[in-house]
Amino acid sequence: VSMLAQKMRGLVDAGKLSQVARLLDQSAIDDQDLFDEFDDHDVLPGEISQVTRILSLRKSPLLANIASSDLRSLAASSLLRKLDAKTDLIRVGTISTAMYTVINGDLSVLIAGDTIEVAVIKAGGMVGEMSLLTGEPAGATCRAKEQGCSVLEITKDTLMRLVRDRPTLRQHLDVFM
């Protein structure tokens with residue numbers, strides 16, 4: 001893992017992100033092992049690297065098998081959001097305008113007037129995607145459990161633009177709709 005992480009750092013430093021994505025596709029190493037090893041020492045405080053974004057998005061079943069070029073575009077278009085404890089990311093009954101992948105921390109999935117926790121979404125988990133893709137209201141509230149929870153946000157406008165420009169991404173997402 002260390003040698004692969006070093007090679008990836010060199011490619012990132014050289015701005016060769018397409019080669020990083022190909023290297024990830026060809027690697028037999030578990031993404032989680034690589035994710036744990038790869039640090040963000042070379043990015044601005046409060047930001048995360050493009051590689052960390054790619055690895056995080058690849059953890060989602062919805063995005064795990066999309067083409068590397070599509071994943072790179074999604075990662076580059078995503079926004080990092082940091083949440084305060086008890087902040088609602090999605091409210092039950094609302095139609096989501098974005099989908100979110102958890103980077104750090106946990107999200108509570110709440111029902112029954114936000115009084116019953118039915119699930120905890122951890123790093124790599126995704127929320128909001130079904131409401132975003134189907135246009136149906138969210139069936140639960142998703143709330144940051146603790147301070148410092150962070151998510152990658154992919155807005156509907158961003159996703160629709162990428163789907164329009166990338167037929168392979170549209171075909172992949174149609175399977176889930």
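**Exercise 1. Classify Val-118 by its accessibility and place it in the structure.**

Solution. Val-118 has a relative accessible area of 48%, so this residue is partly exposed. The cut-offs used here are under 20% for buried and over 50% for exposed, with partly exposed in between. The model is a predicted one. Next, find the element: Val-118 belongs to strand 5, which runs over residues 116-121. Finally, look at the surface: Val-118 joins Ile-111 and Ile-116 in a nonpolar patch of about 230 Å².

**Exercise 2. Describe the loop between strand 4 and strand 5 through Ala-112 and Asp-114.**

Solution. Step one is the backbone. Most residues other than glycine have a negative phi. Ala-112 has a positive phi, near 55°. Asp-114 is not a glycine either, and its phi is about 65°.

Step two is the accessibility. Ala-112 has a relative accessibility of 49%, so this residue counts as partly exposed. Asp-114 has a relative accessible area of 15% and is therefore buried.

**Exercise 3. Which residues are joined with Asp-114 into one network of salt bridges?**

Solution. Begin with the pair Arg-143 and Asp-114, whose side chains meet in a salt bridge with an N to O distance of 3.3 Å. Arg-143 is in strand 7 and Asp-114 is in the loop between strand 4 and strand 5, so this salt bridge ties together parts that lie 29 residues apart in sequence. The whole network, built from salt bridges that share partners, joins Asp-88, Arg-91, Asp-114 and Arg-143.

Now take the pair Asp-88 and Arg-143, with a salt bridge of 2.5 Å from N to O. Asp-88 sits in strand 2 (residues 88-90) and Arg-143 in strand 7 (residues 141-144), and the two are 55 residues apart. Asp-88 has a relative accessible area of 27%, so Asp-88 is partly exposed. Arg-143 is at 18% relative accessibility and therefore counts as buried.

**Exercise 4. How many salt bridges does a search of the whole structure find, and which residue forms one with Glu-153?**

Solution. The search finds seven salt bridges. In one of them, Glu-153 is paired with Arg-81, with the closest N and O atoms 3.2 Å apart. This pair links distant parts of the chain: Glu-153 is in strand 8 (residues 149-155), Arg-81 is in strand 1 (residues 79-83), and they are 72 residues apart. Glu-153 is at 11% relative accessibility, so Glu-153 counts as buried. Arg-81 is at 27%, so Arg-81 counts as partly exposed.

**Exercise 5. Describe the largest pocket by its space and its lining.**

Solution. First, the space: the largest pocket holds about 160 Å³. Second, the lining: 14 residues line this pocket, and those closest to its centre are Ile-90, Val-127, Gly-128, Ala-138 and Cys-142. Third, the elements: strand 6 (126-127) and helix 6 (129-134) each give two or more residues to the lining. Helix 6 gives the most, with three residues. Fourth, the classes: the lining has 10 nonpolar residues, three polar ones and one charged one.

**Exercise 6. Is helix 4 mostly covered or mostly exposed?**

Solution. Count the buried residues of helix 4, which spans residues 50-58. Nine of its nine residues are buried, and helix 4 is mostly covered. Among the buried residues are Gln-50, Arg-53, Ile-54, Leu-57 and Arg-58.

Terms used:
Residues numbered from 1 in each chain as written. Predicted model: local features only at pLDDT ≥ 70, side-chain atom pairs only at ≥ 80, totals over all residues. Heavy atoms only, no water. Patch = residues over 30% accessible without salt bridge, like charges linked within 9 Å, V, L, I, M, F, W, Y side chains within 5 Å. Areas by Shrake-Rupley, 256 points an atom, 1.4 Å probe, with all protein chains shown as cover. Salt bridge = Lys/Arg side-chain N within 4 Å of Asp/Glu carboxyl O. Helix = DSSP H or I, 4+ residues; strand = E, 2+ residues; numbered from the N terminus. Buried < 20%, exposed > 50% of the residue type's maximum accessible area, 1.4 Å probe, protein only. 1 Å grid on protein atoms, 1.4 Å probe; cavity = no way out; pocket = protein on both sides within 12 Å on 5 of 7 lines; lining within 4 Å. Points joined across faces, edges and corners; volume = space filled by probe spheres on them. Nonpolar A, V, L, I, M, F, W, Y, C, P; charged D, E, K, R; others polar.
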